[in-house]
Amino acid sequence: MDDEDLARAIALSLQDHKEKRPEVITIDDSDDEQAESGGEDAEFQAQLRRAMEESKAEAAKSSTNASDTPPTQPPAASSSNGGAASFLAQRAQLERERLERQRRQQGKINTATKPSASEAEDTDAEESEDEDERPAKRRHLASSSFTGKLTQEASSSKASLPEDQIFWNGELRQTATQYAEPRGDGLPTFRLTQVLGQKSELAFAIVSSYALDVPWLYEFFNPSVPVIVVAQPDANGQASIKNILPHWIKTTPPLRNGFGCQHMKFMLLFYKTGRLRVVISTANLIAYDWRDMENSVWLQDVPLRRAAIPHDPKADDFPAALQRMLHSINVSPALKTMINDNHPNLPIKHVDELRQRWDWSLVKVHLIASIAGKHEGWPTVIKTGHPALMMAVRKMGMRTGKGPRAKTLTLECQGSSLGNYTTQWLNEFHWSARGESAEDWLKEPKARREKLPYPPIKVVFPTKKTVQESAAGEIGGGTIFCRRKQWSAKNFPRENFYDSKSKAGPALMHSKMISGMLQGNAYTAKKSRNYVPSDSEDEVDDDIQEVTPGVGWIYVGSHNFTPSAWGTMSGTGFTPILNISNYEVGIVFPVKDEAEANKIACFQRPPKKYVAQKDEPWMQEESVYHQ
């Protein structure tokens with residue numbers, strides 16, 4: 001019996017074993033704690049041994065059946081079930097170790113390993129990121145300038161466009177979920193097969209996820225396609241580069257003392273025609289996120305230039321921000337390793353070629369990345385975390401201004417995990433969301449900042465009742481996190497909470513979305529006559545352009561609304577310091593009116609405020625299903 005037959009037989013045997021267990025997905029998601037799953041390692045290995053013994057007797061039959069099975073169903077309709085949280089985190093690593101042992105013994109690794117249903121479950125456990133780490137929900141956006149306009153194509157996601165559809169002007173959609181098919185709002189969705197496009201046309205891919213099921217993901221690619229996977233580092237937090245499958249390299253960025261998360265969800269898909277597809281998502285690369293939870297996906301196809309342009313180290317546009325991000329998450333050495341490892345003809349040889357060789361002129365959204373670590377000085381600080389959001393707000397002409405002519409900005413912050421909120425941090429974030437420099441914020445005495453009232457921020461998070469009444473019920477709430485100690489804290493902003501309900505139907509959302517709506521006089525990007533910029537802002541203000549006024553902006557990406565994801569400011573106005581725990585990425589773009597904002601939002605707008613003394617947020621830790 002060869003390795004391929006054995007792997008397929010093991011997959012079937014483990015699937016039979018798993019189907020006897022209830023499907024309960026639990027992923028711990030806390031700034032203070034990381035999920036531990038070591039106790040399940042022995043359990044899995046025992047299951048694996050039993051499966052191998054059982055499969056040997058049925059190898060011929062199993063391999064025949066498996067060989068007739070198509071690679072993988074579209075994600076939302078996949079038959080692979082999610083598994084217990086602690087079990088999930090180990091599966092992909094164990095599979096890699098098994099394949100590595102085979103390679104040492106035989107001089108090669110099986111290139112057609114069929115993932116078991118429990119493998120698809122295992123990686124869900126790795127989603128137990130820090131409080132800010134859960135993906136967002138999808139919505140469809142399409143227009144020549146990517147202003148957020150949604151197209152009404154079909155009432156069923158099954159009628160969504162085919163896998164060979166190209167989106168030169170960008171597209172934002174929610175993902176399909178088995179609990180809302182078709183969607184209640186009639187908008188089209190994305191499935192993973194559509195996001196990846198034609199399998200035979202892919203030449204190279206760079207993908208990133210926190211929770212990761214490599215065997216499951218492997219089925220979506222031809223075995224010969226080289227892939228770089230950006231993933232969560234080990235507990236020591238050290239950067240690493242490892243070969244995990246033939247033509248597959250896993251790279252991890254550093255995390256200080258192992259704390260925080262590599263929480264980015266993105267893809268760079270290079271096709272044989274030269275086209276590049278950029279994907280920013282809220283969904284982890286696991287079956288559960290593409291089948292049971294509603295997420296958000298933005299993607300845009302970018303053509304090759306006719307001739308390369310020179311490298312510009314001062315550039316600060318979308319591709320420049322993307323290149324900085326890739327350098328920070330250890331992609332550059334991984335790319336070099338892959339080129340030296342029998343792939344000299346990759347469509348890209350160096351990260352900085354992205355801006356030189358591809359034409360980004362149609363990309364109208366702004367890329368917002370959070371880079372884990374300590375950032376000091378204005379040139380560095382404004383390129384990451386919520387100060388980077390501040391810069392994007394200015395570029396969009398959405399700065400509120402200060403004084404009597406200032407506009408009012410109301411934020412609706414939706415996500416799947418909550419942070420430890422203080423009035424100081426909420427005002428700090430709101431300050432950047434207004435497009436105002438943190439220099440003025442840091443000039444305020446700390447004692448005064450700590451006593452400010454809460455800004456106009458609505459925290460959009462599902463109530464316990466909403467989770468219980470969803471199609472999946474409490475069992476489906478394993479990746480949505482609020483802790484009792486957060487909610488019960490003396491000064492926690494309980495009055496700022498609003499219910500999060502999907503527009504698709506009775507599905508739960510793993511989306512992360514922020515809407516910033518402006519109110520006030522007709523806004524212009526010109527500076528207020530009463531406003532005198534600080535020294536650190538002079539260069540920034542030179543970049544502000546006259547733009548068509550809008551009512552606000554929307555952010556979509558991996559950032560939950562937490563300090564770990566967006567960062568915390570300290571230092572002085574002259575020497576600012578920004579500390580960020582996580583690696584995150586998302587996009588932000590303007591919306592022209594409330595109707596457009598309502599269409600784009602993944603949650604029902606306006607959200608319904610919690611009823612005092614009655615409503616409480618869903619707390620996974622208090623559910624009998626997630627003990």
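Which lysines form a positive surface patch here? Hold that thought for a second, everyone, while I say that this is a predicted model. The patch is formed by K465, K501, K608 and K614. One of them, K465, sits in helix α17, which spans residues 464-468. With a relative accessibility of 47%, K465 falls between the cut-offs of 20% and 50%, so we call it partly exposed.

There is a nonpolar patch on the surface too. I166, W168 and L362 make it up, and together they have about 240 Å² of accessible area. I166 belongs to the loop that connects α5 (117-122) with β1. Its relative accessible area is 33%, so I166 is partly exposed as well.

Now let's go to the sheet. How many strands form it, and in what order? Nine strands come together in an open sheet, and reading across you get β2-β1-β9-β8-β7-β3-β4-β6-β5, with mixed pairing. At the edges are β2 (189-190) and β5 (240-245), each of which pairs on one side only. As a quick reminder, strands of a sheet pair through backbone hydrogen bonds, either parallel or antiparallel.

My favourite strand here is β9, residues 296-302. Is it buried or exposed? Seven of its seven residues are buried, so β9 is largely enclosed by the rest of the structure. If you look along it, S296, W298, Q300 and V302 point one way, while V297, L299 and D301 point the other way, and all are buried. I like that a serine, a glutamine and an aspartate are among those buried residues.

What does β9 pair with? On one side we have β1 (residues 171-175), joined to β9 by four bridges and running antiparallel to it. To find that pairing on your screen, take R173, whose bridge partner in β9 is V297. Then there is β8 (residues 276-281), also antiparallel to β9, this time with six bridges. Here you can pick R277, which has D301 as its bridge partner in β9.

Further across the sheet, β3 (residues 202-208) and β7 (residues 266-271) run antiparallel and are joined by six bridges. A handy marker for that pair is L202, with Y271 as its bridge partner in β7.

On to the helices, and two of them that are mostly covered. In α14, residues 423-433, 11 of the 11 residues are buried. Among them are the aromatic residues W425, F429 and W431, along with polar ones such as Q424, N427 and E428. Just after α14 comes G435, which takes a positive phi of about 85 degrees.

The other helix is α13, residues 385-395, where 10 of the 11 residues are buried. The buried ones include H386, P387, L389, M390, M391 and R394. Just after α13 there is again a glycine with a positive phi: G397, at about 75 degrees.

Let me finish with one contact that is easy to miss when you scroll through the sequence. Where does A504 lie? You will find A504 in the loop between β14 (497-498) and β15 (513-519). Its relative accessibility is 3%, and that is why A504 counts as buried. Now put T177 on screen with it: A504 and T177 are 327 residues apart along the chain, yet 8.9 Å separates their C-alpha atoms.

That's my tour, thanks for listening!

Conventions:
Residues numbered from 1 in each chain as written. Predicted model: local features only at pLDDT ≥ 70, side-chain atom pairs only at ≥ 80, totals over all residues. Heavy atoms only, no water. Buried < 20%, exposed > 50% of the residue type's maximum accessible area, 1.4 Å probe, protein only. Helix = DSSP H or I, 4+ residues; strand = E, 2+ residues; numbered from the N terminus. Pairing = 2+ DSSP bridges. Patch = residues over 30% accessible without salt bridge, like charges linked within 9 Å, V, L, I, M, F, W, Y side chains within 5 Å. Areas by Shrake-Rupley, 256 points an atom, 1.4 Å probe, with all protein chains shown as cover. Salt bridge = Lys/Arg side-chain N within 4 Å of Asp/Glu carboxyl O. Lys, Arg positive; Asp, Glu negative; His and termini not counted. Charge placed at Lys NZ, Arg CZ, Asp CG, Glu CD.
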